[in-house]
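Welcome aboard! Open your viewer, turn on the cartoon view, and follow the stops below one selection at a time.

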Amino acid sequence: MMGEPVRTPSGRTLDELTIEAVLAGELTAEDFSISGDTLRRQADVAEAAGYRQLAENLRRAAELTRISNQEVLDIYNALRPGRTTYGQLIELADRLENDLDAPLNAAFVREAAEVYLERTIVKP
Amino acid sequence: MRSKRFEKLADRPVNRETFIKPWPEVGLVAMGSPLDPSPSLKIEDGVVVELDGVPRGEFDLIDHFIARHALNLDVAGRAMNTDSREIARMLVDINVPRATILELASGCTPAKLVDVVQQMNVLEMMMGLAKMRARRTPANQAHVTNRKENPALLAADAAEAALRGFAEIETTVGVTRYAPLNALAILVGSQTGRGGVLTQCAVEESTNLRLGFKGLTSYSETLSVYGTEDTFVDGDDTPWSKAFLGAAYASRGVKTRTTSGTGAAALMGHSEGKSMLYLEARCLLVTRGVGSQGTQNGSISCIALPESLPGGVRAVLAENLIATMLGLEVASGNDALASHSEMRKSAKLMLQFIPGTDFVTSGYGAIPRYDNMFGGGNFDVTELDDWYVLQRDMQVDGGIVPVREADVLRVRERAARAIQAVFDGLGFPPITDAEIGAAVTAYNSADMPDRDKVADIEAAQGLLDGPLTAIEIVKPLKEAGFHDVAANILEMQRQRVIGDYLQPSAIFGDHFQVLSALTDPNDYQGPGTGCRVEGDRWSVLQDLPQAWDPRIYLENLGVSRREAWLEEIGPARRGDQPEVVVAVGPAFGVEIGRTIGGLDHRDVLSAILQGVQEEGVPARVVRVCHTSDCAFIGHAGAQLSGSGVAIGVQSKGTTVIHRRDLAPLENLELFPQAPNLDLDTYRQIGCNAARYAIGKPTAPVPVKIDNTARLRLIVQTTLMHLRETQQVERDRVPTEIRVLREEVV
């Protein structure tokens with residue numbers, strides 16, 4: 001990928017991700033995570049090549065980089081059929097929007113809530 | 001009354017399979033159910049209000065999702081108004097580039113896509129697949145599992161699969177709790193065999209996701225999608241939950257593809273009377289809509305269901321083709337057992353193998369079927385050589401390369417030792433040297449010692465729940481001297497930071513270069529374009545370890561270093577007494593020392609002469625120099641024989657009994673299958689020739705018939721005949737031969 005150097009969420013460049021640094025205990029798993037910015041740039045690359053839906057997926061992913069593993073798992077489970085009431089899905093969307101800085105995912109969950117309600121697969 | 005032939009037919013492997021007549025109302029129809037909708041798309045103010053005959057008010061989950069996410073509405077009008085046959089023709093027209101079709105297909109509804117591919121026969125679909133495949137370079141994926149979940153064996157098998165060139169390796173578990181250790185073992189093994197192999201562990205989604213979070217896996221193809229709402233809900237997901245899951249994997253730098261295939265909805269009882277292909281087209285639009293870079297399709301584990309129906313295999317090829325039209329990476333099935341019949345299984349494979357797909361199989365058993373925890377698998381480690389030969393026969397790249405046994409043993413041992421070092425370093429239950437020794441040479445897990453399962457599961461649980469990640473295995477590898485493996489595992493983690501392999505159809509080449517639809521786009525547009533097997537790649541694919549150099553074979557044929565046992569004593573005279581002439585070929589006993597059946601020429605000649613002698617008839621040996629043809633050798637001998645009867649013997653052992661008055665290509669008896677002749681047969685040939693010489697009634701010598709002899713030995717036949725023909729001297733007359741060896745008469 002061209003352009004600015006890739007940085008990890010911890011702000012390191014690829015050049016810093018060396019085996020010596022790992023052996024010295026200077027790097028942790030956090031330093032080997034993909035950053036939201038990198039995902040957004042990959043999204044732009046995908047979109048320019050004609051892969052619009054993949055780009056949208058990568059932009060949603062970019063927002064999820066800031067959310068903990070457990071919370072990501074919880075949101076996934078909330079979106080599975082019959083797990084959640086309509087109101088809980090809207091609350092989740094609001095939280096994604098307001099607390100987790102994830103507007104794309106918020107819109108996505110809101111859309112799911114409307115369709116789930118219409119198709120009666122929300123928890124009563 | 002039963003025909004014995006029909007009884008044989010009934011016993012054939014193909015008849016262990018089930019064949020049924022279509023029953024469209026329950027979805028038991030491969031393509032073209034009467035309940036399949038006609039293509040339609042209505043858009044009002046940028047909103048889809050009708051999709052394939054269903055008005056918005058009646059949309060189910062899938063219709064809603066496709067309408068909102070999967071269609072490119074800018075081109076939909078043009079796409080839907082283009083005649084389906086015209087699009088089908090564009091697919092096989094080499095002058096229409098892939099990009100043109102990708103754009104048009106992005107505006108097609110599921111029914112429209114089906115309508116397009118229904119216009120095509122399998123050959124046309126294969127041409128379409130060759131052009132529409134996303135990545136120019138085809139690849140292949142391996143299954144690596146074992147019943148004992150033995151980590152040393154998993155690592156060794158993964159290393160071997162990586163060495164063989166598989167671009168992705170997936171494992172799974174018998175017992176779910178082993179998942180972290182199995183993922184770890186194939187990660188270490190694969191990176192020992194070849195850096196850059198992508199790995200996954202197929203388990204339930206939340207565990208799967210956690211393995212990905214830890215960097216123990218780099219891709220996931222467990223995201224099933226379905227073609228009807230009821231199936232989707234029964235699968236405990238919706239298109240939105242699957243899309244979220246896809247984004248979750250991507251957010252941790254994990255490549256994903258969805259899984260779907262013809263037959264799943266019918267199997268789950270929710271087909272709505274739609275054809276398998278139509279429902280799969282809906283799955284593929286969902287796949288595109290969720291933003292997956294690709295799909296694992298081609299019926300997958302349901303393959304026997306479409307295969308029970310007319311046109312089922314064509315429908316499976318059609319679903320691969322539709323996926324490529326949507327720009328998706330395709331791991332094209334051929335993973336689950338597709339037939340009891342080798343012929344049927346191989347023929348079905350050719351539909352993907354010849355055009356090439358991103359992954360020709362979505363799981364080739366790189367282990368014995370006994371150990372394949374993905375339901376046994378379609379292909380097996382013992383069939384690898386068949387695959388290599390098919391690649392070499394057709395000059396086709398099926399994604400893997402031939403290997404040497406010594407190299408395999410070396411990487412297996414290194415991988416087993418590497419995982420031993422990791423287990424030691426992390427304080428997991430030790431892997432013993434006995435396990436390593438067994439893993440290096442094992443056929444299957446029955447060859448492996450048992451491990452302490454309780455301790456392993458405890459370690460696995462600790463790995464999953466604790467803070468350890470792939471980064472922590474770098475250190476023990478490095479400290480134990482596995483510098484390259486440590487470097488490869490670290491590089492896999494660095495690539496995760498870069499994320500280039502999240503783009504469509506991405507794999508890593510031999511030096512961690514990303515080959516994807518973006519960096520290695522398929523540019524096939526007819527002869528001379530696209531992926532062509534030539535140059536270095538062709539050299540590698542044709543270099544089978546079992547292929548030998550025919551020049552060396554020729555060098556080893558002769559008897560030059562042995563003591564001479566035949567002496568030429570001058571031009572052969574024409575006899576005038578009852579006798580049998582034994583006429584041998586130009587190379588007999590000198591440049592060639594044995595028949596193709598391995599019989600020493602001295603013994604052959606001895607047996608023939610003994611047979612002649614048993615009938616009380618004298619014999620003479622001559623060498624025919626002017627021809628290497630068996631009939632002409634015999635015919636030339638007959639012209640010299642006092643009785644008019646001669647035996648002609650080619651050096652490869654083919655023999656004829658000839659008589660002077662017959663035309664050259666006639667004979668009294670011919671023994672064309674030299675590999676089946678033994679010394680007693682040669683003796684009987686001598687007897688019969690003698691009886692003909694003195695006019696006794698004679699029954700032909702009985703011979704064994706083995707119709708595979710030509711198949712097995714045609715190369716050796718060619719080479720021996722070449723050597724004999726090289727000795728021909730056109731102008732030289734036959735020479736009298738004296739046999740020097742005492743034990744020969």
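Select chain A first: it holds 6 helices and 0 strands (helices are DSSP runs of H or I with at least four residues, strands are runs of E with at least two, both numbered from the N terminus). Walking from the N terminus, you meet the elements in the order α-α-α-α-α-α. The radius of gyration of chain A is 18 Å, well over the 14 Å that the globule rule gives for 124 residues, so chain A is more spread out than a compact globule. That radius is taken over C-alpha atoms, and the globule rule is 2.2 Å times the number of residues to the power 0.38.

A word on what you are viewing: this is a predicted model, in which local features need pLDDT of at least 70 and side-chain atom pairs count only at pLDDT 80 or more, while totals for chains, interfaces and linings use all residues. Residues are numbered from 1 along each chain as its sequence is written, and chains are lettered from A and ligands numbered from 1 in the order in which they are written.

Rotate chain A: along its principal axes, the C-alpha trace spans about 55 × 35 × 20 Å. Of its 124 residues, 41% count as buried, where buried means 20 or more other C-beta atoms within 10 Å of the residue's own, exposed means 12 or fewer, partly exposed is in between, and C-beta atoms are placed from the backbone.

Next, zoom in on A:Leu79, in helix H4 (residues 69-79) of chain A. Is A:Leu79 buried or exposed? It counts as buried because it has 25 C-beta neighbours inside 10 Å. Leaving aside residues up to four places away in sequence, A:Leu79 touches A:Ala112, B:Thr238, B:Trp240, B:Ser241 and B:Phe244; such a contact requires C-beta atoms, placed from the backbone, within 7 Å.

Now show both chains. Here 53 residues of chain B are in contact with 45 residues of chain A. On the chain B side, helix H12 (239-251) is among the helices that each supply at least two residues. H12(B) gives the largest share, 10 residues. By type, the chain B side divides into 23 nonpolar, 17 polar and 13 charged residues (Ala, Val, Leu, Ile, Met, Phe, Trp, Tyr, Cys and Pro are nonpolar, Asp, Glu, Lys and Arg charged, and the others, Gly among them, polar).

Move along chain B to helix H18 (residues 384-394), where B:Trp387, B:Tyr388 and B:Gln391 are buried. They cover an arc of only 100° around the axis, which puts them on the same side of H18(B); the arc is that of the directions from the helix axis to the C-beta atoms. Helix H24 (535-542) of chain B is included in what covers these buried residues. Just after H18(B) comes B:Gln395, with a positive phi near 55°.

For the last stop, select the open sheet of 7 strands in chain B, ordered S14-S20-S16-S15-S17-S18-S19 with mixed pairing (strands pair if DSSP finds at least two bridges between them). Its edge strands, each pairing on one side only, are S14 (566-571) and S19 (669-671) of chain B. Strands S17 (residues 645-649) and S18 (residues 655-659) of chain B run antiparallel, joined by 5 bridges. Within this pair, B:Ala646 has B:His658 in S18(B) as its bridge partner.

Key. Two residues are in contact if their C-beta atoms, placed from the backbone, lie within 7 Å.
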